[in-house]
Structure formats: structure tokens, C-alpha cells
Amino acid sequence: MLVLGIETSCDDTAAAVLLDGRTILANVVSSQDQIHGAYGGVVPELASRQHLRNILPIVDSALGKAGVSVRDLSGIAVTRGPGLVGSLLVGLSVAKGMAFRWGMPYVGVNHLEAHLLAIHLEHEVSFPYVALLASGGHTLLYCVQDVGEYLYLGGTRDDAAGEAYDKVAKMMGLGYPGGRVIDHLAKTGNREAIRFPRARLKKSPYDFSFSGIKTSVLQYLKSQDQHAWKARVPDIAASFQEAVVDMLINPTVNAAIAHNVNRIVLSGGVAANSRLREKINESAATENLQVYFPSAKFCTDNAAMIALTGHHWINRGRRDDFAVNADADLTL
Ligand code: KG4
Ligand code: ZN
């Protein structure tokens, strides 16, 4: 079965072609980071306009790289939410148009579900597993029992982990998106230099909160002379990152132990973080848990994970009709 995946939920225009749910024939992503970088965050109107410009060339490029034509496809999978509604509509309209013109099935995919299943693009991982999805828009913890069976364990009460990275990077003038820059700078910093607080929600052990650390970094910067903190940017980055990583790892490992599940899967843009990967491996080894992460290109937004999720649903006989709409707040 040959599935075309289309992803336009935020600021990346992406298309991928997946054969039989396991062989990625093409995976094309056009990032808009340079456009939004000047504003320090994604500007929805600019994102949807850029998707409009990019989407057809990106779909063509994916089909070309895969060496297939539209007629060869068994179906189309497209993100229908959650995300920016104007952005979602671009991908969804193209998918519906293609499905209508070529008379093929299409399914609207939940972006969160796709992140939770992305690990299967590269690794054989049995169900169940505890999955931490940490991205710019979400920080969620699920027990994934099977395709379509997602037990919600917890989520962020305020900012997403990636959002905290992006906001802290902005405070220090490091550009957007901030996660990769902070990850890089932290490598030369001292993780113990500043002890930022780790939020713990006693009554909800699997929930997260990142607004406190963001404020703590801001207060720290304000308490220092600008020349002084600028000289310490790697230390601030490393200390901030250590706190965020601790706040992500503790609920995840505790959830796996409490639910008697010995596999942990990381996903979402923040799962590309080098310190998170290193430290969760250490904690998991102590607790006899196995940890799996997708490679960085499948942690961040991509269409291969959308094609994979669509593959499962099309295989199970699901067919969406043309009344399906974009849903900015779609939940799992
Ligand atoms: O999954 P994603 O591409 O898009 C969303 O659905 O949000 O995640 C993007 C987020 C951004 O906040 C970015 O700063 C963060 O992932 N990110 C990272 C790293 N690479 C990307 N955060 C920490 N360390 C990284 N290496
Ligand atoms: Zn995402």
C-alpha cells in the first residue's frame, strides 16, 4: 500500500510517500523558520500564505523523489488538527482535491496521534509504551496501548516545553526557534551554575508546568547587569535545560514504573534534545526500562508520521468524506 502524507499544521510544509507502512520512499519538509524568525514566533497569517506557495511543489517533489505518480497511490493522509486553522486548511484542501480528482481514499489524521506513532517509522516497538510528546505546542504523556488506544496520563498546565525553550531563547536574544540553539549552547555551559526551580505538581504526578522556570530565568536576567549575563549565556542555557529535562523525565519514568510498562518513547521537537536523550537513558537504565527516540527529522513535524498513521487507518477500512473539516483544537 502506497500512502501520500501531507502535513501543514504549523509552520512546516511537508509531504512524504510511505510504502506498506514501513518504507519511506520520500520525506520532504520545507521549513519557514527564516520567515518567522524575524518575529520571534510563528505568525499564523504568514504561515498559511507560505503553505499556499509551497504545498504543490512539495507534493510534486515527494512524488518525484519516491519515483511514483499520483495514480500509483492507494490513499492520502493529511493532518486535520490540532494546529493553526489557516495552515491546516491548506493541506486539507489539497488532499481533498487530489482524493476527489483521482477517486482515492483519504483520511484526516490527528497530529498528536502521528507524533505518538512516529517511532514505528524507524524502530520495532511493541505495545504498550509510555510516550512523552514534547513539542512547541504540546507536552503530553500517554500510555499507548495500540493504534487508536491512547490512555491520557498527564499534560502541561501552562506552557509547552518547546514553548519555554523558545521564550527563554527570545529573552536572551538567541533567535527562533530556540530549542536547538539552547541545546547547542548548553554543551559548553555549567549545568549546576544556577539552580532553577523544578515545578512539581503533587496532586497530579504526571502533569507538567513550565511557566515558573520561564519566569525564574527572566528574574535572573533582570537581577544581573546585561554584560554580566551575556558572558554567562552558556551557563544559563545549561542550567535552564537541566531543569526542563528533569521536569520532563521524572513524570515519564514514574508513569512507566506505576503502569508497569517497561518501554518509553519520546516524540515531538523537544525529543531531539541531546541532554534529554542522555539523561533519560541514564534514568531508564537504573530502572530497567527501554527508551526509544525517533531520529531528529521524525521528532519535529514531518509528513512521514502522518502517512504512517493514515496507513493504519486506511488499512482498517476508514474512509473520510469531504465534510471533514480542519479542527484547530482537535484532541486525542
Ligand atoms: O514538533 P515540533 O517540530 O513542532 C510542534 O508541533 O510544535 O516542535 C518544535 C519545538 C520548538 O519549540 C523547538 O524549539 C523545539 O521543538 N526543539 C527543541 C530542539 N529542537 C527543536 N527543543 C529542545 N532541544 C532541541 N534540540
Ligand atoms: Zn508537532
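In this predicted model, helix α2 (residues 44-66) packs against helix α3 (residues 85-102) with an angle of about 30° between them and their axes 8 Å apart. Because angles under 35 degrees count as roughly parallel, α2 and α3 are described as roughly parallel to each other, and the crossing in which α2 passes α3 is right-handed. On the side of α2 the contact is made by Ala-47, Ser-48, His-51, Leu-52, Ile-55, Leu-56 and Val-59, while α3 contributes Gly-86, Ser-87, Val-90, Val-94 and Met-98. Sorted by class, this contact of α2 with α3 holds eight nonpolar residues and four polar ones, with no charged residues.

His-51, which has its place in helix α2, deserves a separate look. With a relative accessibility of 0%, His-51 counts as buried, because that class covers values under 20%. Apart from its neighbours within four places in sequence, His-51 is in contact with Thr-8, Cys-10, Asp-11, Asp-12, Thr-13 and Gln-32, and also with Ser-87 and Val-90.

The sheet comes next. Five strands make up an open sheet of mixed pairing, in the order β3-β2-β1-β4-β5. The edges are taken by β3 (23-31) and β5 (106-110), each of which has a single partner strand, so that one side of each is left without a neighbour in the sheet. On average, and with direction ignored, neighbouring strands of this sheet are turned by 20° against each other. Helix α2 packs on the sheet as well, touching β1 (2-7), β2 (12-19) and β3, and its direction makes about 25° with that of β2.

Both senses of pairing can be followed at the level of single residues. Strand β4 (residues 75-81) and β5 run parallel and are joined by five bridges, with Val-109 in β5 as the bridge partner of Thr-79. By contrast, β2 and β3 pair in the antiparallel sense over eight bridges, and here the bridge partner of Ala-15 is Val-28 in β3. β2 and β3 form a hairpin with three residues between them, and Asp-20 lies in the turn.

A second helix pair involves α7 (residues 211-223) and α9 (residues 233-258), whose axes come within 11 Å and cross at roughly 165°. Since angles over 145 degrees count as roughly antiparallel, α7 and α9 are classed as roughly antiparallel to each other, and their crossing is right-handed. Ile-213, Val-217, Tyr-220 and Leu-221 of α7 meet Ile-236, Phe-240, Ala-243, Val-244 and Met-247 of α9. The contact of α7 with α9 consists of nine nonpolar residues, with no polar and no charged ones.

Some backbone torsions in loops are also worth checking, and the table lists them.

| Residue or bond | Backbone value | Location |
|---|---|---|
| Phe-127 to Pro-128 | cis, omega near -5° | Pro-128 in the loop between α4 (111-117) and β6 (129-134) |
| Tyr-176 to Pro-177 | cis, omega near -10° | Pro-177 in the loop between α5 (161-171) and α6 (179-186) |
| Asp-20 | phi near 50° | loop between β2 and β3 |
| Asn-260 | phi about 60° | loop between α9 and β9 (263-267) |

Asp-20 has a positive phi although it is a residue other than glycine, and its relative accessible area of 43% makes Asp-20 partly exposed. Asn-260, likewise not a glycine, also has a positive phi, and at 72% relative accessibility Asn-260 counts as exposed.

Notes
Residues are numbered from 1 along each chain as its sequence is written. Chains are lettered from A and ligands numbered from 1 in the order in which they are written. This is a predicted model: local features need pLDDT of at least 70, side-chain atom pairs count only at pLDDT 80 or more; totals for chains, interfaces and linings use all residues. Side-chain values use heavy atoms; hydrogens and water are left out. Axes are lines fitted to C-alpha atoms, for helices over the stretch in contact, and angles run from 0 to 180 degrees between N-to-C directions. Helices (H or I, at least four residues) and strands (E, at least two) are DSSP runs, numbered from the N terminus. Angles under 35 degrees count as roughly parallel, over 145 as roughly antiparallel, 65 to 115 as roughly perpendicular and the rest as oblique. A crossing is left-handed if the near helix is turned anticlockwise from the far one by less than a right angle, and right-handed if clockwise. Contact means heavy atoms within 4.5 Å. Ala, Val, Leu, Ile, Met, Phe, Trp, Tyr, Cys and Pro count as nonpolar, Asp, Glu, Lys and Arg as charged, and the others, Gly among them, as polar. Two strands pair if DSSP finds at least two bridges between them. Buried means under 20% relative accessible area, exposed over 50%, partly exposed in between (1.4 Å probe, protein chains only).
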